[in-house]
There are 2 protein chains.
Amino acid sequence: MLTLADLHPLTAYLTQIAHLQSASSVLSWDQETYMPRGGSGARAEVLATVQGLAHERFTAPEMEELLWRWIDVDNGTILDPEADAPARAVLREVLRDYRRAKRLPTPFVSHLERTCALAHEAWLGAREKRDYALFLPHLTAIVTLKREEAAYLGYSETAYDALVDAFEPGMTASRLTPLFAELKTALSALLARIMDSPVRPAPLPAGPYDAQRQLAFGSLLLSAMGYRFDHGRLDQSAHPFTTGFHPTDVRVTTRVSAEDVTSSLFSCLHEGGHGLYDQGLDPAYYGTPLGEAVSLGMHESQSRLWENCVGRSIELWRHFYPLLRQAFPGPLARVSLEEFHAAINTVKPSLIRVEADELTYNFHIIVRYELEQQLIAGQLSPADLPQAWNEAMHGTLGVTPRDDGEGVLQDIHWAHGAFGYFPTYTLGNLYAAQFWQQAQRDLADLPTLIEGGRLDPLVSWLRDRIHRWGRTHSSDALLRRITGEPLNPEHFMTYLEGKFGAIYRLA
Amino acid sequence: MLTLADLHPLTAYLTQIAHLQSASSVLSWDQETYMPRGGSGARAEVLATVQGLAHERFTAPEMEELLWRWIDVDNGTILDPEADAPARAVLREVLRDYRRAKRLPTPFVSHLERTCALAHEAWLGAREKRDYALFLPHLTAIVTLKREEAAYLGYSETAYDALVDAFEPGMTASRLTPLFAELKTALSALLARIMDSPVRPAPLPAGPYDAQRQLAFGSLLLSAMGYRFDHGRLDQSAHPFTTGFHPTDVRVTTRVSAEDVTSSLFSCLHEGGHGLYDQGLDPAYYGTPLGEAVSLGMHESQSRLWENCVGRSIELWRHFYPLLRQAFPGPLARVSLEEFHAAINTVKPSLIRVEADELTYNFHIIVRYELEQQLIAGQLSPADLPQAWNEAMHGTLGVTPRDDGEGVLQDIHWAHGAFGYFPTYTLGNLYAAQFWQQAQRDLADLPTLIEGGRLDPLVSWLRDRIHRWGRTHSSDALLRRITGEPLNPEHFMTYLEGKFGAIYRLA
């Protein structure tokens, strides 16, 4: 029987590649946190070399020779029918990655990277000047290349499927479209009820909130979540992110605003959720797919579960709000727990995705999903995108951007060529609610534990069921294993209706 | 005529290797500054892979093919007799590095690295327990391997020459021994006169010195020196160091002590001197020897010039001492400029190298030089080293360690296999004094400029004459070009006698 140990020549080779990827992640982390600004040109070159080497090794003839020792070159099946589950999972997932990598010709990859690097610069300028025309030629070039990429990768239904598959393996437009349509209907109905409610939570006082105390409170929350500071650290960056070099070194960043304490609180909870996933991967599997997260959607489920399901619950703040008020007695002295809880759960249609509440956030995603699908299908020309964006925002949320800066230019994703990425945010919300529901079943006293500041049973639950498995199971399989059913958006709706029903006193 | 541009295939290949070395330096910087402690195991693996790849590429057949396009494979001469100076320098220096790298068999290098990694751990434990016996077997193994290394590398006179050549190309024991003997005599005579002086500078008050203010003052000094913060940064680490990834990203660290403000002041000046060198290398030559420092001794000359010649001068503090007193009014209110200047120039034989003054520091080096030479020559057994150490310290400085923790175990260098490294510290002092003397000739109003806080003319002088040339000239050639004479320790003695003569009122 073939075991993982038998695959040592392959896993040792992959581990070397993982070392290059870890090095590249450290270089990127440094770039976002501490690098002096004059160093950016040289850093881009170093990153290109290190990432290029990783790609070169992964697509080298050695890799092929290793794979065909255990896999049938013709049909991709594993030669040993009795291979154990970890060995099967490693071979299956490495083959998947290898095939995707090999299908893209190296000159094409370089050309796409250069195009995206230029588009990134152009996007920065266009957003600053709120002038879509500066970005249009770059986006046009990227859309053309992404269609080409899809052709190289291959697909059975639509070109978009080949792209979304990079972020959420196995996901397709034919699954997303009805899912999002159903969700849109349900969310619209709930939003209408909320908008009709006479309840209007008061916003939190506009500070000032001391930056050092915000960072200290963020660390307190992260520690309470079980995020290990001996295996990680918290820094500041322009956009919060999480990056893992190894389960023993997983770093999170936050953004601090003197006027809005929620920015750091919820970015710490969000990135902490990502961080727990990466710290919870099995270090014995480092370098293999079993030491990697399942998908972006699954990763996002962990951040959303902590940011929203736990982080915006009354139970969490029963424990932490007295401490928060102690830390910021000036602005928070007259805000009660209930007022705080309502403030952090205010629903209001708005223009900017990253500032949207938990409910309307999904409309932002659905709008982007529909537009990027049309772009890739050639049904929408990049020249017509701003108008289509504005109409979609008006049609879905009743808001219209005054300019493209608060409209189509707000996100960096398309400038990076990340088409098919946006849906993973909403998938993350759906997965999170489904897991959250199951966790409440499995851990009967979860609300009481959270009220007591005891988050470790939930951490263990997530670690045992999700984190430590890496890519052993697909997203779909993992959902079924843990919750007994496939992806079901009703759990998300039940969760939203329960919470907002109480806050907005819905009938 | 062969020019540097013609060498593009070679320099492009070398630039890729430089990218890996830069990546490795970022990984090491992070390790010393921000890495969570749990991440050390994984980091060591990543570093080993990245450094291994750099070595692999540098010794690969491609490298050989590139070199023999322009160099005669038999006698190492450059094929084109009309090649221009930069092309000649690049080929000469790359060949030198390549030959050194190729002469060491890969299994030997791995074995040495593993031995040193274990020795490092053992040294940490031995130093903590002040128990040399714990370190002895490791040092014995390293000495044996270093003798073997010298045999692989080859040498014409003594095995030690092959080792010191790694740090100070072209330097040999037959040059160092008489140089250090002469220096020892002159230093001993000066030390005796100082010890006979009735002057005893009072130590500075033991703080408290606020850490944040120390860092701010360090940044102020660095900025005044012309260290560019848009191409660098200042952080804290256990042992101060400088690391350059590219001339546009050169970072320095410092150590902050609440009791002793001089620790951060002089480490900032020292590392700032190193930092200026690395920031002053020509970015157009990045990846080639012309974009690298000449030698460790020459690098140290830059740090010593700033730390000592400039940093312990009365002129510098005429400008900065009022600012320092403003920053630390508590401890420094009653200390006059002259008292401060005397305190930072106190000469006193002591046991610990890194705490030694500018004069007695060199005795620490000479003791180590003599011992490591005997170890490599097989004239001294590692078992007898502590006794030899203690006798040498007593004989030279009149002090005897109470235990090996403050004796032979104080330095990490031998545990890292760095035999032949110590002399570069004193060479740095000698080079620095010789440059300092010349700078005063070339810049007639230098003392006045420094008193006015105007350090930029000195920076430009150093940049034009030293930094921007990289490895174009050897240490010897550079000294001759700039000062018109070979290495001459009299400049160092003149400098010391001038300063200490005034402070200690020597006849």
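## How the two chains are related

Chain B falls onto chain A after a rotation of 180 degrees with 0.0 Å of shift along the axis, at an RMSD of 0.0 Å; the fit is by least squares on the C-alpha atoms of residues with pLDDT of at least 70 in both copies. That is the relation of a two-fold axis. Within chain B, the C-alpha nearest this axis belongs to B:Ala23, 3.5 Å from it.

A word on reading this report: the model is predicted, so local features need pLDDT of at least 70 and side-chain atom pairs count only at pLDDT 80 or more, while totals for chains, interfaces and linings use all residues. Residues are numbered from 1 along each chain as its sequence is written, and chains are lettered from A and ligands numbered from 1 in the order in which they are written.

## Where the chains meet

Which elements of chain B give two or more residues to the side that touches chain A? They are α1, α2 (40–58), β1 and β2 of chain B; helices here are DSSP runs of H or I with at least four residues, strands are runs of E with at least two, and both are numbered from the N terminus. Helix α1(B) gives the most, with eight residues.

In total, 30 residues of chain B are in contact with 30 residues of chain A, where contact means that C-beta atoms, placed from the backbone, lie within 7 Å. Because 100% of the interface residues of chain B are also interface residues in chain A, the copies meet through the same surface.

## A three-stranded sheet and its helices

Chain B has an open sheet of three strands in the order β1-β3-β2, with mixed pairing; two strands pair if DSSP finds at least two bridges between them. The edge strands, each pairing on one side only, are β1 (232–236) and β2 (242–246) of chain B. From one strand to the next, the twist averages 20 degrees. Strands β2(B) and β3(B) (residues 249–254) run antiparallel and are joined by four bridges, and B:His246 has B:Asp249 of β3(B) as its bridge partner.

Two helices meet this sheet. Helix α1 (residues 8–33) of chain B lies across β1, β2 and β3 of chain B and runs at about 145 degrees to β2(B). Axes are lines fitted to C-alpha atoms, for helices over the stretch in contact, and angles run from 0 to 180 degrees between N-to-C directions. Helix α10 (residues 261–280) of chain B also packs on the sheet, touching β1, β2 and β3 of chain B, and its direction makes about 165 degrees with that of β3(B).

## A helix with two faces

Helix α16(B) (residues 385–397) has 13 residues. Four residues of α16(B) are buried: B:Leu385, B:Trp389, B:Met393 and B:Thr396. Buried means that 20 or more other C-beta atoms lie within 10 Å of a residue's own, exposed means 12 or fewer, and partly exposed is in between, with C-beta atoms placed from the backbone. The four cover an arc of only 80 degrees around the axis, which puts them on the same side of α16(B); the arc is that of the directions from the helix axis to the C-beta atoms.

These buried residues pack against α15 (361–377) of chain B. The face turned away from them carries the exposed residues B:Gln387, B:Glu391, B:His394 and B:Gly395. Just after α16(B) comes B:Gly398, with a positive phi near 75 degrees.

Key:
Expected span 1.5 Å × (residues − 1).
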